[in-house]
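Colleague: Could you take one part of this structure and go through it with me slowly? I would like to look closely at the largest pocket and at what surrounds it.

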Amino acid sequence: MKTKLVTCICLALLGTVFAFSQNNTSEENKFEFGAPEHFIDGYSLNFQYQNGTAIHMEFNNGKAKYEWIAGPTKGNGNQDIPYRSRIIGDDLYLINWHETGKKDYLTLVFDFKKMIVHSSIIVGYENKPERTLKTVFRSGIIDHLKKPE
């Protein structure tokens, strides 16, 4: 009985120590938990999905601009879209925006070390007959990357 009580007390103390240690941040933690910022202002790039569609994007003054440069929607795009970004690693960015006029919501991860983009997009969330709801979950290859000097 005494051994079980001592074991329970030790486990409780260890659990408390681990719980408090979760609140400490290490020097290696470079994540930005503050207000979203525009970390990729001045960047422009192209990326291509495996299905052959491709897009050109630019980011300036807190606004995103894009145009489809290959695929069935070639020539379509949008501009002056307020975007948000976070640094989530070394040359790794999380970006999102909401195109209220189109009823689209995009989340992108740009990995400039591996030159890959990952996207999760809700297209036409209003689900109208002329623009039905669909989701996109794809990765693509980045090229023509230009960073601000």
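Modeller: The largest pocket holds about 610 Å³ of space, and this value, like the others here, is computed from a predicted model. Of the 26 residues that line this pocket, Trp-68, Thr-73, Val-123, Arg-131 and Lys-134 are the closest to its centre. Strands E1 (44-49), E2 (54-60), E3 (63-70), E5, E6, E7 (116-123) and E8 (134-146) each give two or more residues to the lining, and E8 gives the most, with 4 residues. By kind, the lining residues divide into 13 nonpolar, 7 polar and 6 charged.

To place these strands, it helps to turn to the sheet: 8 strands close into a barrel in the order E1-E2-E3-E4-E5-E6-E7-E8, with antiparallel pairing. Neighbouring strands of this sheet are turned by 30 degrees against each other on average, when direction is ignored. In general, the strands of a sheet pair through backbone hydrogen bonds, either parallel or antiparallel.

One pair may serve as an example, since strand E5 (residues 92-99) and strand E6 (residues 104-111) pair in the antiparallel sense over 8 bridges, and in one of these bridges His-98 has Tyr-105 of E6 as its partner. Asn-96 also lies in strand E5, and Asn-96 counts as buried because its relative accessibility is 15%, where buried means under 20%. The side chain of Asn-96 makes a polar contact of 2.6 Å with the side chain of Tyr-105, and another, of 3.0 Å, with the side chain of Arg-84.

Key: Residues numbered from 1 in each chain as written. Predicted model: local features only at pLDDT ≥ 70, side-chain atom pairs only at ≥ 80, totals over all residues. Heavy atoms only, no water. Pairing = 2+ DSSP bridges. Axes fitted to C-alpha atoms, helices over the stretch in contact; angles between N-to-C directions. 1 Å grid on protein atoms, 1.4 Å probe; cavity = no way out; pocket = protein on both sides within 12 Å on 5 of 7 lines; lining within 4 Å. Points joined across faces, edges and corners; volume = space filled by probe spheres on them. Nonpolar A, V, L, I, M, F, W, Y, C, P; charged D, E, K, R; others polar. Buried < 20%, exposed > 50% of the residue type's maximum accessible area, 1.4 Å probe, protein only. Polar contact = N/O pair within 3.5 Å; in protein donor to acceptor, adjacent residues only side chain to side chain.
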